[in-house]
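Work through the exercises below with the sequence and the model open. Each task is followed by a stepwise solution.

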Amino acid sequence: MRVAALTENWRLFGWLAAVTSVLVVWPAFRLDLDDSQNALRLIRHSVRCSLPFFLCAFVASAWCRLHPNWWSRWLLRNRRIFGLLFAFAMLWQALFIAQLFVVDAALFREIVLDPRFLLVDGLGYIFIGTMSVTSFNAIRRRMSPTTWKRLHKAGMYYLWLVLAGTYVYVTLLGQFQFSPVALAFVLALVLRIVAARHGHHQVRDAHSSRTLPTA
Ligand code: HEM
């Protein structure tokens, strides 16, 4: 099999999902899984493993618009795959949340069933689920392009808010080991804003050059 084939589409998904699973599960072999603190550790660890995938999907189109080159085109072409890899890694989080329930139902009720937590994070999973399902062409075709775009845009920004909010917040609380993650999320947003303004200027320039009087 050619190496190039491994870097596109479902093959890319396949091996990256396998590597992610190994990375997520690896610490579990060294931990006592009956300890609820370890379940929490694994929940946090699985979220951290999902972050690079989210960032790749989040910046793909902006990066390609600002700097179209081989890498940015490749990322944009595989943006859906990175989104699905993020969803896949978050499935591991769901699994470890279930494990927390099994090992310590009281702690599960205390942390997970807190209404604020449930509402904010639950909506996150709803977005992840609907965006994943509607990323398949068969379902995408049944939606209007505007609805599809709105759903995916709203979902991306909502997930960005939950994730960036967490890491910026803990950094501000003094956990500076998370500052690179917080910074990466802020820079990703800046990139999208710059790209959107760039696109806006391009459209405006195209309009004004069309309306210039031809001498
Ligand atoms: C109903 C759905 C969800 C539940 C029940 C849940 C549960 C949890 C729990 C129990 C923790 C560990 C908290 C602790 O250590 O005290 C956690 C951490 C976290 N969750 Fe979730 N979660 C959910 C959905 C989500 C979603 C959708 C996102 C974002 C897209 C998310 C992002 C995070 C983050 C960023 C952390 C902290 C990870 C870290 O410490 O690095 N969660 N979650």
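**Exercise 1.** Place R44 in the secondary structure and decide whether it is buried, partly exposed or exposed.

Solution. Step 1: R44 lies in helix 3, where helices (H or I, at least four residues) and strands (E, at least two) are DSSP runs numbered from the N terminus. Residue numbers start from 1 along each chain as its sequence is written. Step 2: a residue is buried if 20 or more other C-beta atoms lie within 10 Å of its own, exposed if 12 or fewer, and partly exposed in between, with C-beta atoms placed from the backbone. Step 3: R44 has 11 C-beta neighbours inside 10 Å and therefore counts as exposed. Step 4: its C-alpha atom is separated by 30 Å from that of S72, 28 residues apart along the chain.

The model is predicted: local features need pLDDT of at least 70, side-chain atom pairs count only at pLDDT 80 or more, and totals for chains, interfaces and linings use all residues.

**Exercise 2.** Describe the residues that surround the ligand.

Solution. Step 1: a residue is near a molecule if its C-beta atom, placed from the backbone, lies within 6 Å of it. Step 2: 18 residues surround the ligand, and the closest are R44, V47, D121, G124 and T166. Step 3: sort the shell into nonpolar (Ala, Val, Leu, Ile, Met, Phe, Trp, Tyr, Cys and Pro), charged (Asp, Glu, Lys and Arg) and polar (the others, Gly among them). The result is 11 nonpolar, four polar and three charged residues. Step 4: at least two shell residues come from each of helix 3 (36-66), helix 5 (79-103), helix 6 (105-112), helix 7 (115-133) and helix 9 (145-172).

**Exercise 3.** How many helices and strands does the protein have, and where is confidence lowest and highest?

Solution. Step 1: the count is 10 helices and zero strands. Step 2: the C-alpha trace spans about 80 × 45 × 35 Å along its principal axes. Step 3: pLDDT, the predictor's confidence in each residue from 0 to 100, has a mean of 92 over the protein, and 91% of the residues reach 70 or more. Step 4: helix 1 (residues 3-6) has the lowest confidence, with a mean of 72, while helix 9 has the highest, at 98. Where pLDDT is low, the predicted coordinates should not be read in detail.

**Exercise 4.** Which residues touch the most other members of the largest nonpolar core?

Solution. Step 1: a nonpolar core is a set of buried Ala, Val, Leu, Ile, Met, Phe, Trp, Tyr and Cys residues joined through C-beta atoms within 7 Å. Step 2: the largest such core has 34 residues, of which F53, F54, A57, L85, F86 and A89 touch the most other members. Step 3: helix 2, helix 3, helix 5, helix 7, helix 9 and helix 10 (179-211) each supply at least two residues of this core. Step 4: leaving out residues up to four places away in sequence, F53 touches F82, L85, F86 and A89; a contact needs C-beta atoms, placed from the backbone, within 7 Å. Step 5: for the protein as a whole, buried residues make up 20% of the 215 residues. Among contacts between residues at least 6 apart in sequence, 65% join residues at least 24 apart.

**Exercise 5.** What is the sign of phi at N9, and why does N9 count as partly exposed?

Solution. Step 1: N9 is found in helix 2 (residues 9-25). Step 2: its phi is near 50°, a positive value in a residue other than glycine. Most residues other than glycine have a negative phi. Step 3: N9 counts as partly exposed because it has 13 C-beta neighbours inside 10 Å.

**Exercise 6.** Classify Q177 and S179 by exposure.

Solution. Step 1: Q177 lies in the loop between helix 9 and helix 10, and with 8 other C-beta atoms within 10 Å it is exposed. Step 2: S179 lies in helix 10 and is partly exposed, with 14 other C-beta atoms within 10 Å.

Notes. Two residues are in contact if their C-beta atoms, placed from the backbone, lie within 7 Å.
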